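Student: I'm new to this one, so could we go through it together with questions? Please show me the sequence and the model before we start.

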Amino acid sequence: MSDVTTAPADEPELEEEGQERPAPFWQRLVAGSSTWIGLILLGLIIVFSLLDPSAFVDTANARNIATDAAVLLVLATGMTYVIITAGIDLSVGGVLVFSGVVSAKGMHAAGGDNWGVILLGLIVGMAGGLAWGLINGFLVAKAKIPAFVVTLGTLGASLGAALVITGGVDEREVPFKLITTIGTGRAFNQIPWLVLIAFAVAIVFGIVLAATRFGRYTYAVGSNEEAARRSGIPVDRHLIKVYALAGTLAGLAGFLSLARFSTTTIGGHDTDNLQAIAAVVIGGTSLFGGIGTMLGTVFGVFIPAVLQNGFVIVGVNPFWQNIAVGAVLIGAVYLDQLRRRSQYQR
C-alpha cells in the first residue's frame with residue numbers, strides 16, 4: 001500500500017490534483033502484504049490437515065481455534081489503527097483486565113441474571129476502556145509524550161487499579177446467562193457467539209479503515225503527520241480518537257473474556273499486548289505507520305492460534321509456537337523494511 005498524500009482545501013482531501021485516485025475500498029481492504037500472509041496461514045492449515053486430518057479437519061477443532069482467537073482479534077482490531085498512525089499501545093492487556101473487573105463489579109452490584117444487567121456490564125466495561133484510551137490519546141497528542149512511555153505507564157496503572165478494586169482476588173460473581181450465551185453459547189448451535197462478535201468488530205472497523213474519511217485520516221497521519229497537519233487534518237484530535245477506539249475495544253475484549261472464563265482472570269493477560277502487536281505486525285501493518293489492512297490483522301491473529309492448536313494435535317511441544325511466531329514476526333518486519341527501502345529508491 002502506498003503512502004497517502006494530502007493537499008490543502010476547505011475540507012481536507014487526501015489526494016492532489018493530477019495524482020492517481022485511490023483504489024476502490026475493496027482493493028485497499030485486501031492490499032499490501034495481506035495476500036502473502038494469508039497464503040502462509042493457508043499453508044499451515046494444509047500442513048496440519050495432512051499430518052492429522054481426522055483431528056485437525058474437524059468442526060469442533062475449528063470452533064476451538066476461532067474461540068481461542070476471538071478476544072485477541074478484538075484487541076488487535078484497535079491496535080491496527082494505533083500502529084497505522086505510527087503509534088503503539090502497550091496498555092491494552094491492563095485495560096482489558098481493568099474493564100473486566102469494573103464490568104463484573106457493576107453487574108454484581110446491580111444483581112440479577114438478565115440482559116439488563118449484562119448490558120450494564122458491557123457499558124461499564126467499554127466505558128472503562130474508553131477512559132484509559134482517552135488518557136493515552138491526550139498524553140500522546142497534547143502532552144507530546146512518546147506513546148511507548150505513555151502506554152507503558154497506563155499498563156501498570158490500569159493493572160494496579162484492577163488489583164486495588166479486587167484486593168488481588170478474581171471476581172467470580174458473573175451472571176450465569178452471560179456465560180451460557182455470549183461465553184459458551186452458539187448461533188444456530190454451530191458458531192460461538194464470541195467468534196461472531198469478534199468477526200463483526202473486525203469487519204465493521206475494517207470497512208471504516210478502508211472506506212471512510214476516518215480511515216483515510218488514519219493512514220495520512222501515519223504516513224506523514226506534518227503533511228497531514230498542514231493539509232488541515234486535525235491530527236491531535238484524530239490521534240485521541242484512535243487511542244480512544246483502541247481503549248474501548250480493549251474494554252469490549254475484557255467483557256468478552258469475562259463471559260468466556262466466568263472470572264476476571266487478573267493474572268492471565270500478561271502478554272496480551274505483545275500478542276496483539278505481534279498479530280498486527282505479522283498481518284503486514286508497518287510499525288513505521290501508514291500501511292496496513294484489517295484483513296492482514298485477521299490473518300495475523302489466526303497464525304499463532306493455528307500453530308498452537310496444530311502443534312498440540314500432532315504431538316509437538318506447544319512451546320515451539322513461540323519460536324515460530326517470533327520467526328514470522330521478525331520476517332514480517334524485515335520484509336516491511338525491504339518494501340519501504342524499495343519505495344524510497346524509486
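Student: Where is the place of Leu39?
Tutor: Let's settle the naming before we look. Helices (H or I, at least four residues) and strands (E, at least two) are DSSP runs, numbered from the N terminus. Residues 34-51 make up one such helix, and the place of Leu39 is in it: α2.

Student: And what kind of model is this?
Tutor: Residues are numbered from 1 along each chain as its sequence is written, and side-chain values use heavy atoms, leaving out hydrogens and water. Local features need pLDDT of at least 70, side-chain atom pairs count only at pLDDT 80 or more, and totals for chains, interfaces and linings use all residues, since the model is predicted.

Student: Is Leu39 buried or exposed?
Tutor: Buried means under 20% relative accessible area, exposed over 50%, and partly exposed is in between (1.4 Å probe, protein chains only). Leu39 has a relative accessible area of 56%, so Leu39 is exposed.

Student: How much accessible area do Leu39, Leu42, Ile46 and Leu50 have together?
Tutor: These four form a nonpolar patch on the surface. Patches take residues with over 30% relative accessible area and no salt bridge, joining like charges within 9 Å and nonpolar side chains (Val, Leu, Ile, Met, Phe, Trp, Tyr) within 5 Å. Accessible areas come from the Shrake-Rupley method with a 1.4 Å probe, and for residues only the protein chains shown count as cover. Together, the four have about 420 Å².

Student: How much space lies in the largest pocket?
Tutor: On a 1 Å grid over the protein atoms alone, a cavity is a set of points where a 1.4 Å probe fits but cannot get out, while a pocket is an open set with protein on both sides within 12 Å along at least five of seven lines; lining residues have an atom within 4 Å of a point. Grid points are joined across faces, edges and corners, and a volume is the space filled by probe spheres set on the points. For the largest pocket, that comes to about 870 Å³.

Student: Which helix gives the most to the lining of the largest pocket?
Tutor: The lining has 30 residues, with Asp68, Leu72, Gln275, Gln308 and Gln321 nearest the pocket's centre. At least two residues each come from α4 (59-84), α12, α13, α14 (294-314) and α15 (320-344). With seven residues, the one giving the most is α14.

Student: How many residues of that lining are nonpolar?
Tutor: Ala, Val, Leu, Ile, Met, Phe, Trp, Tyr, Cys and Pro count as nonpolar, Asp, Glu, Lys and Arg as charged, and the others, Gly among them, as polar. Of the lining residues, 10 are polar and three are charged. The nonpolar ones number 17.

Student: How many salt bridges does a search of the whole structure find?
Tutor: A salt bridge needs a side-chain nitrogen of Lys or Arg within 4 Å of a carboxyl oxygen of Asp or Glu. With that rule, the search of the whole structure finds seven.

Student: How many residues apart in sequence are the parts that Lys105 and Glu171 tie together?
Tutor: The side chains of Lys105 and Glu171 meet in a salt bridge, 3.1 Å from N to O. Lys105 lies in helix α5 (residues 92-110) and Glu171 in the loop between α7 (147-166) and α8 (176-183), so the pair ties together parts separated in sequence by 66 residues.

Student: Is Glu171 buried or exposed?
Tutor: Its partner Lys105 counts as partly exposed, at 32% relative accessibility. Glu171 has 9%, so Glu171 counts as buried.

Student: Which residue forms a salt bridge with Glu226?
Tutor: The closest N and O atoms of this pair are 3.3 Å apart. The two residues are four apart in helix α11 (residues 225-230), so about one helical turn separates them. Glu226 is partly exposed at 40%, and its partner is Arg230.

Student: What sign does phi have in Ser262?
Tutor: Most residues other than glycine have a negative phi, and most peptide bonds are trans. Ser262 is found in the loop between α12 (235-261) and α13 (272-282). Although Ser262 is not a glycine, its phi is about 60 degrees, so the sign is positive.

Student: How far apart in space are Ala202 and Leu75, C-alpha to C-alpha?
Tutor: Ala202 sits in helix α9 (residues 193-211) and counts as buried at 5% relative accessibility. Along the sequence, Ala202 and Leu75 are 127 residues apart. In space, C-alpha to C-alpha, they are separated by 9.8 Å.
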